Amino acid sequence: PYGLLCRARICQPRVRCNMGGGAAANHVDSGGFAGAGAIAATARSAGASKDSASSRNLDWRTMIRRRFPSGAAALAAASAVLCACSGGEARARGPTVAYDTAGDTIIARVQGPALWGEDVTLQEEVRVGELEGADEYTFGNVVSVTVDEAGAMYVLDDQAKTVRKYDASGRHVQNIGRSGGGPGEFGQPHSLDFLSDGRLAVRDFGNARINLYDAAGESIGTLVIPGGFYTSTPMHIDTAGRIYTSVISDRVEGQMFRVGFQRFSEDGTVQDTIRNPRRDFQSASLIARSADGKSMSATSVPFTPTVQWTLDRAGNIVWGMTDDYAIHTVRDGRPFRITRAVEPVPVQAAEKAAAEEGVKRNMKRTQPNWTWQGPSIPETKPFFRSLDVAHDRRIWVQVSQPAVREPADTTVARAPDAPPPL
């Protein structure tokens, strides 16, 4: 029940990349993300001042969960900053973009290597946290992080049921909120960000509301959200101060419910519900049912295509079907599609076997005699796994990567029939 919070700098020596304007700057492969964990990354323009690197506008958080001995979790929060080239002999390299139109849609076809190339490293700037120490420097389950204009870090820990504020050097400043159901308290908090007027908004599923706090961390109000629906989808706030939180948008008898975003104005008025994008395709899923028919478990077949989507800072939907490297959104009032030709990543035999065993173990908890009756695991992975949009509207794509076998961790207890980790 502890971990580390780190702020790091993403560096690529010997290469200078022009990140200003154009689709090449708005569409960046977040390649090189290998291993397990939730990853969200953004970047700022080359040439931005050092002072601006500590402002909230960077919102450059690369969140990577790792395993520590005794089951400890670690969270690394990285500021994505391009390093200047050494020696003045660097040569520009990166993708090229060709534009085309199809009806009213603008198409940007990206070709060439990823913007940062392959030789990207993290250089640690600040570390916060102790494996054993004071409560304010140990973490249990960090679910969201944001940064204010002074560079202070706000860390939402669901296990501690509080928001911990640290200054830019990593010194603990204060705790905001606590466990409970009263004003400013948390039941199950999961996401936080700042409104355009500086108020801090924290979504709390446990109390079915969004808590609002002033600059001093005092509770100044709440927004009521629909209860009974829990999701890891982040809360979004656009440049107009409107808040978007995930809700069930449609319920149809006998069908899977549909998820969307409920939009609040800056003063808390419910404005609209935005449905998620949907394409007609056959979802490959597996189902297990208990003998008494009272319980059911459902999961998708590993590595099958899904629809991934998010919102940008203007409130536009950004989405894509993972069986094709094509990202859809709206720019200047027109449909905008970004494509890239990439080679599919194969599913390795050991990786496939591990995924199958994981599904079987989970399903047999509901139906002990369960056997695989659905579609088989595909031979290749989806082209990408998730989408994220930075405050500067650059779209980040977490692409699929080849599996890498991890060394055996003898400090973590494993089930006797569990396959080796990948």
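Reader: Which residue forms a salt bridge with D197?

Author: This is a predicted model, where local features need pLDDT of at least 70, side-chain atom pairs count only at pLDDT 80 or more, and totals for chains, interfaces and linings use all residues. Residues are numbered from 1 along each chain as its sequence is written, and side-chain values use heavy atoms, leaving out hydrogens and water. A salt bridge here is a side-chain nitrogen of Lys or Arg within 4 Å of a carboxyl oxygen of Asp or Glu. With its closest N and O atoms 2.9 Å apart, the partner of D197 is R199.

Reader: Okay, and is R199 buried or exposed?

Author: Buried means under 20% relative accessible area, exposed over 50%, and partly exposed in between (1.4 Å probe, protein chains only). R199 has a relative accessible area of 19%, so R199 counts as buried.

Reader: What about E185, which residue does it pair with in a salt bridge?

Author: E185 itself is buried, at 14% relative accessible area. Its partner is exposed, at 56%. The closest N and O atoms sit 2.8 Å apart, and that partner is R178.

Reader: How many residues apart in sequence are the parts that R393 and D312 tie together?

Author: The side chains of R393 and D312 meet in a salt bridge, 3.5 Å from N to O. R393 lies in the loop between β26 (384–389) and β27 (395–399), and D312 in the loop between β22 (307–311) and β23 (317–321), so the parts tied together are 81 residues apart. (Strands are DSSP runs of E, at least two residues, numbered from the N terminus.)

Reader: How many salt bridges does the structure hold?

Author: The pair R393 and D312 is one salt bridge. For the structure, the count is 13.

Methods:
Helices (H or I, at least four residues) and strands (E, at least two) are DSSP runs, numbered from the N terminus.
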